[in-house]
Every structure is written in C-alpha cells, then in structure tokens.
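Please look over the sequence and the model together before reading on. The report below begins with the surface and then turns to the chain as a whole.

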Amino acid sequence: MATTSPPPEIDDPPTGQIEPVEDHSAIEEFWDSDTGATTAEYAITTLAACGFAALLVVVLKSEPIKELITGVISSALGLGS
C-alpha cells in the first residue's frame, strides 16, 4: 500500500528560468483589500464575548441559580443541614 500521493499531472511544465514580474500593481491591489480584516475579527469576537457575558450575568442573577449556588457553597463549608 502506497502512503504518498502520485505527482500532479502537468501538461507543459516550465523548463527555463522564470522571469520576475516587474509590475506589482495587481499583487498590491489584491492584498490591499484585506486591510483591517484582523481588527474587524477582533471587534466581532469582543462583541460576541460581551453578549455572552451579559447573558451569563442574567442567568446567574436568577433566583433558582442563586439558591443552587448558595446550597453548593453551604454544603461545601459544612453549613448545610
């Protein structure tokens, strides 16, 4: 059983030296459109984390959860009946 892939099929591979591109405007135009993407990703992640934290605060402030947490702490400290 072979563990490697066969080489890709290439009809006409380059045989000589590849010349460098003199005009980089197309490359620069391609990469310029991505400017600020990381900042936007951090902003969305921070917004999602704040929303989750707000939801967690609402849940933890509910009366059943307060009673449950108080019961667990009382039992752990030996104050429960």
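## The nonpolar surface patch

In this predicted model, F52, L55, L56, V59, L60, I69, I73 and L77 together make a nonpolar surface patch of about 760 Å². Two elements each give two or more residues to this patch, namely helix 2, which covers 37-60, and helix 3, which covers 63-77. Helix 2 gives the most, with 5 residues.

One of the patch residues, L56, is found in helix 2. The relative accessible area of L56 is 41%, and because this value lies between the 20% limit for buried and the 50% limit for exposed, L56 is described as partly exposed.

## Helix 3 and the residue after it

Helix 3 has 15 residues, and the distance from its first C-alpha to its last is 21 Å, which is close to the 21 Å expected at 1.5 Å a residue. Just after helix 3 comes G78, a residue that takes a positive phi of about 80°.

## The chain as a whole

The chain contains 3 helices and 0 strands, and when it is read along the sequence its pattern is α-α-α. Of the 81 residues in the chain, 0% are buried, where buried refers to a relative accessible area under 20%.

The accessible surface of the chain is computed at about 7,900 Å², and carbon and sulfur atoms account for 64% of that surface.

Note on methods
Residues numbered from 1 in each chain as written. Predicted model: local features only at pLDDT ≥ 70, side-chain atom pairs only at ≥ 80, totals over all residues. Heavy atoms only, no water. Patch = residues over 30% accessible without salt bridge, like charges linked within 9 Å, V, L, I, M, F, W, Y side chains within 5 Å. Areas by Shrake-Rupley, 256 points an atom, 1.4 Å probe, with all protein chains shown as cover. Salt bridge = Lys/Arg side-chain N within 4 Å of Asp/Glu carboxyl O. Helix = DSSP H or I, 4+ residues; strand = E, 2+ residues; numbered from the N terminus. Buried < 20%, exposed > 50% of the residue type's maximum accessible area, 1.4 Å probe, protein only. Expected span 1.5 Å × (residues − 1).
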